[in-house]
Amino acid sequence: METCIINSPLGFTKIVGNIDGVASISVLNSKERISDIIPEILEDCVIQLKEYFEGSRKEFQLRLNPKGTDFQKKIWKLLQDIPYGKTTSYLELSKQYGDVKAIRAVANANGKNPLWIIVPCHRVVGSNGNLTGYAGGLHRKKWLLEHESPFKQQSLF
């Protein structure tokens with residue numbers, strides 16, 4: 001696996017991947033050394049993330065290869081269907097999965113998403129519209145939602 005660290009408006013970001021695709025993107029809570037050289041296999045990911053943060057990219061066109069259970073991968077796929085600038089709830093995500101009783105498992109899979117921003121788990125909010133848990137910190141979730149919809153957050157439900 002190749003690795004690089006870039007700086008983003010939300011902190012140092014670690015990208016890991018290989019020929020099979022991007023395996024993980026995570027925001028780090030500590031200062032790290034920014035990579036002097038970006039591995040060729042990760043260049044497109046770095047470019048697309050920079051475009052996202054600049055506001056010129058709303059969809060990612062990357063080969064992804066996250067590690068997880070089949071259930072987690074199904075939930076992560078559903079997350080990718082949430083449009084830029086929109087939100088959904090854990091309950092709605094559970095309904096899309098086909099089992100409203102799986103809400104806790106859906107929320108857990110959402111929290112284990114290894115592809116920060118690319119698989120937009122930040123677009124999932126509580127049923128009442130409140131921001132709820134986010135592995136990168138609620139301040140980052142708020143920033144991302146405002147970045148994607150600076151005037152008024154639109155909801156799918």
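## A first look at the sheet

In what sense do S1 and S2 pair, and over how many bridges? The two strands pair in the antiparallel sense, and seven bridges link S1 with S2. Please keep in mind while reading that this is a predicted model.

S1 and S2 belong to an open sheet of three strands, arranged in the order S1-S2-S3 with antiparallel pairing. Strand S1 (2-8) and strand S3 are at the edges, and each has a single partner strand, so one side of each is left without a neighbour in the sheet. On average, neighbouring strands of this sheet are turned by 20° against each other, direction ignored. As general background, strands of a sheet pair through backbone hydrogen bonds, either parallel or antiparallel.

## Following the strands

Let us walk along the chain from S1. A hairpin leads from S1 to S2 through two residues. Two bridge pairs help to locate the match between these strands: glutamate 2 has glycine 17 in S2 as its bridge partner, and isoleucine 5 is partnered by lysine 14, also in S2.

Strand S2 covers residues 11-18 and pairs with S3 in the antiparallel sense over six bridges. Here too a hairpin makes the link, and it takes two residues to join S2 to S3. One pair to look for is threonine 13, which stands opposite valine 27 in S3.

## How covered are the strands?

How many of the eight residues of S2 are buried? Six of them are, and S2 is mostly covered. S3 (residues 21-27) has five buried residues out of seven, so this strand is largely enclosed by the rest of the structure. Helix H1 (residues 43-54) lies across S1, S2 and S3, and runs at about 20° to S1.

Valine 22 offers a close-up of strand S3, where it is found. Its relative accessible area is 5%, and because buried means under 20%, valine 22 is counted as buried. Leaving aside neighbours within four places in sequence, valine 22 is in contact with Ile15, Val16, Gly17, Cys45, Arg63, Leu64, Asn65, Pro66 and Leu115. Asparagine 65 is 43 residues away from valine 22 along the chain, yet the C-alpha atoms of the two are separated by 5.4 Å.

## The annotated domain

UniProt lists residues 6-65 as "domain: Methylguanine DNA methyltransferase ribonuclease-like", in an unreviewed entry. Over residues 6-65 the chain is 20% helix and 30% strand. The C-alpha atoms at the two ends of this stretch are 20 Å apart.

## Two helices that cross

Further along the chain, helix H3 (residues 90-97) packs with helix H4 (residues 103-111) at an angle of about 105°, and their axes are 9 Å apart. That angle makes H3 roughly perpendicular to H4. On the H3 side, the contact involves Tyr90, Leu91, Leu93 and Ser94, which meet Ile103, Val106, Ala107 and Asn110 in H4. The residues of this contact divide into six nonpolar, two polar and no charged.

Alanine 109 also has its place in helix H4. With 2% relative accessibility, alanine 109 counts as buried. Not counting residues up to four places away in sequence, alanine 109 touches Phe71, Gln72, Ile75 and Trp76. Lysine 73 is 36 residues from alanine 109 along the chain, and their C-alpha atoms are separated by 8.3 Å.

## The loop after H4

Where is cysteine 121 found? This cysteine sits in the loop between H4 and S5. UniProt, in an unreviewed entry, places the feature "active site" at Cys121. The residue is buried, with a relative accessible area of 8%. Apart from its neighbours within four places in sequence, cysteine 121 is in contact with Leu79, Asn110, Asn113 and Tyr134.

Isoleucine 117 is found in the loop between H4 and strand S5 (124-125). Most residues other than glycine have a negative phi. Isoleucine 117, although not a glycine, has a positive phi of about 70°. At 1% relative accessibility, isoleucine 117 counts as buried.

Notes. Residues are numbered from 1 along each chain as its sequence is written. This is a predicted model: local features need pLDDT of at least 70, side-chain atom pairs count only at pLDDT 80 or more; totals for chains, interfaces and linings use all residues. Side-chain values use heavy atoms; hydrogens and water are left out. UniProt positions are given in the numbering used here, feature names are shortened, and annotations may be inferred rather than shown by experiment. Helices (H or I, at least four residues) and strands (E, at least two) are DSSP runs, numbered from the N terminus. Buried means under 20% relative accessible area, exposed over 50%, partly exposed in between (1.4 Å probe, protein chains only). Two strands pair if DSSP finds at least two bridges between them. Axes are lines fitted to C-alpha atoms, for helices over the stretch in contact, and angles run from 0 to 180 degrees between N-to-C directions. Angles under 35 degrees count as roughly parallel, over 145 as roughly antiparallel, 65 to 115 as roughly perpendicular and the rest as oblique. Contact means heavy atoms within 4.5 Å. Ala, Val, Leu, Ile, Met, Phe, Trp, Tyr, Cys and Pro count as nonpolar, Asp, Glu, Lys and Arg as charged, and the others, Gly among them, as polar.
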